[in-house]
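Subject: Handing over the structure

Dear colleague,

I am passing on the structure that you will be working with, and below it you will find my notes on what turned up in it. Please keep it open while you read, and look up each residue as it is named.

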Amino acid sequence: MDTDDNLTKQIEEVEALTSIYTDDFIIDSETHRSYSIKIKDNNNEVILSVTMPSNYPLQAPPKYEFSAPWMDRKAKENLRYSLEEVYLENIGETVIFQWVEKIRETLQKIKPHKEVKKEKAIDVETLDLSQLEINCPEITHGEVIIDRKSSFQGHAAEVHSLDDVMAVLFKLKQNKKIQNATHNMYAYRIERQAAKGTTILQDCDDDGESHAGGRMLHLLQILDQKNTLVVVSRWYGGIQLGPDRFRHINNATRQVIQQAGLLKK
């Protein structure tokens with residue numbers, strides 16, 4: 001009986017979301033009950049992707065991920081915390097509309113971007129490390145580029161979901177040398193099939209090296225990369241490289257994509 005009640009609530013919610021958000025509501029897969037909603041405000045955009053499991057909403061929340069390449073790590077963590085709070089306040093009820101409006105509310109509060117120096121964060125997300133041996137995509141490690149005692153190395157993997165991205169990031173950080181790198185910046189682009197065509201889930205992180213993640217993501221866009229994650233580790237050698245560091249980061253990015261056989265895949 002609960003299964004029928006869940007399905008009824010899901011159908012009603014989808015109809016409501018379609019009516020409210022019209023063209024911004026995208027059906028990714030009717031079979032898997034996966035959907036994406038574009039939320040725009042204050043010249044910023046977030047794409048919320050959700051999947052409704054069979055026991056949603058009465059027994060479980062929807063699975064979700066969001067794409068916001070312009071948002072820094074702390075803001076993403078705060079937004080995830082806010083979405084979890086919304087769910088906890090509405091256990092057993094449909095929550096996707098509330099999530100969308102919480103994201104919109106967050107966008108409305110964002111002030112014009114100011115460049116700030118970021119401290120090195122420990123991890124991107126909390127994840128059970130024991131899970132990393134399960135379904136972790138194959139990782140290719142590129143050649144090391146050395147300039148004035150600084151070293152740069154790219155790592156690439158074919159990814160098809162945010163879970164793949166997180167698994168690769170944490171798998172890499174099981175390597176003490178990579179974990180102890182001065183910066184581990186990354187960028188990814190994932191192609192998602194939808195009823196109205198394809199959408200791209202993409203994001204990046206500087207990990208303290210200002211603008212590096214954004215430049216890596218821009219390179220992936222220029223190369224039209226899909227289902228690709230690239231991480232570049234930098235070990236600082238004590239001598240500032242200036243703009244040359246971005247050249248090395250871009251070269252490490254392109255080189256490891258090609259080495260992994262992912263170039264223009």
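Before the findings, one definition is needed: helices and strands are DSSP runs, at least four residues for a helix and at least two for a strand, and they are numbered from the N terminus. Please also bear in mind throughout that this is a predicted model.

With that numbering, Gln 225 can be placed in the loop between α6 and β9. Is Gln 225 buried or exposed? Its relative accessibility is 0%, and because buried means under 20%, Gln 225 counts as buried. The side chain of Gln 225 also has a partner, since it reaches the backbone oxygen of Leu 262 at a distance of 2.7 Å.

Helix α6, on one side of that loop, spans residues 212–222, and its buried residues are Ala 212, Gly 213, Met 216, Leu 217, Leu 219 and Leu 220. These residues lie on the same side of α6, because they cover an arc of only 155° around the axis. After α6 comes Asp 224, which has a positive phi near 55°. Arg 215 is worth a look as well, as its charged end sits over the ring of Phe 246, 4.0 Å from the ring's centre. A second contact of this kind is found where Lys 177 lies over the face of Trp 235, at 5.1 Å from the ring centre.

Next, the strands. Strand β6 (residues 150–158) is mostly covered, with eight of its nine residues buried. Strand β5 (residues 139–147) pairs with β6 in the antiparallel sense over seven bridges, and within this pairing Ile 139 stands opposite Ala 157 in β6. Strand β9 (residues 228–235) is also joined to β6, by eight bridges and again antiparallel, and here His 155 stands opposite Val 231 in β9.

The strands β5 and β6 form a hairpin with two residues between them, and Arg 148 is in the turn. Its phi is near 50°, which is a positive value in a residue other than glycine. Arg 148 counts as partly exposed, because its relative accessibility is 36%. It also takes part in a network of salt bridges that links Asp 147, Arg 148, Asp 244 and Arg 247.

That network brings me to the charged pairs in general. Side chains of opposite charge can pair when their charged atoms come close. How many salt bridges does the structure hold? There are 14 salt bridges in the structure. One of them joins the side chains of Arg 192 and Glu 65, at 2.7 Å from N to O. Arg 192 lies in strand β7 (residues 183–194) and Glu 65 in strand β4 (residues 63–67), so this pair ties together parts that are 127 residues apart in sequence. Both Arg 192 and Glu 65 are buried.

In helix α3 (residues 96–109), by contrast, the partners sit about one turn of the helix apart, as Glu 105 and Lys 102 are separated by three residues and Glu 105 and Lys 109 by four. An α-helix has 3.6 residues a turn, so residues three or four places apart point the same way. The salt bridge of Glu 105 with Lys 102 has an N to O distance of 3.5 Å, and in the one with Lys 109 the closest N and O atoms are 3.2 Å apart. Glu 105 is partly exposed, with a relative accessible area of 32%, Lys 102 is partly exposed at 23%, and Lys 109 counts as exposed at 60%.

Finally, there are two points of backbone geometry to check. Most residues other than glycine have a negative phi, and most peptide bonds are trans. Thr 22, which is not a glycine, nevertheless has a positive phi of about 40°; this residue is found in the loop between α1 and β1, and it counts as partly exposed at 48% relative accessibility. The peptide bond from Tyr 56 to Pro 57 is cis, with omega near 10°, and Pro 57 is found in the loop between β3 and β4.

With best wishes

Key. Residues are numbered from 1 along each chain as its sequence is written. This is a predicted model: local features need pLDDT of at least 70, side-chain atom pairs count only at pLDDT 80 or more; totals for chains, interfaces and linings use all residues. Side-chain values use heavy atoms; hydrogens and water are left out. Buried means under 20% relative accessible area, exposed over 50%, partly exposed in between (1.4 Å probe, protein chains only). The arc is that of the directions from the helix axis to the C-beta atoms. A charge sits over a ring if NZ of Lys or CZ of Arg is within 6 Å of the ring centre and within 35 degrees of the ring normal. Two strands pair if DSSP finds at least two bridges between them. A polar contact is a pair of N or O atoms within 3.5 Å; within protein, one must be able to donate a hydrogen and the other to accept it, and residues adjacent in sequence count only if both atoms are side-chain atoms. A salt bridge is a side-chain nitrogen of Lys or Arg within 4 Å of a carboxyl oxygen of Asp or Glu.
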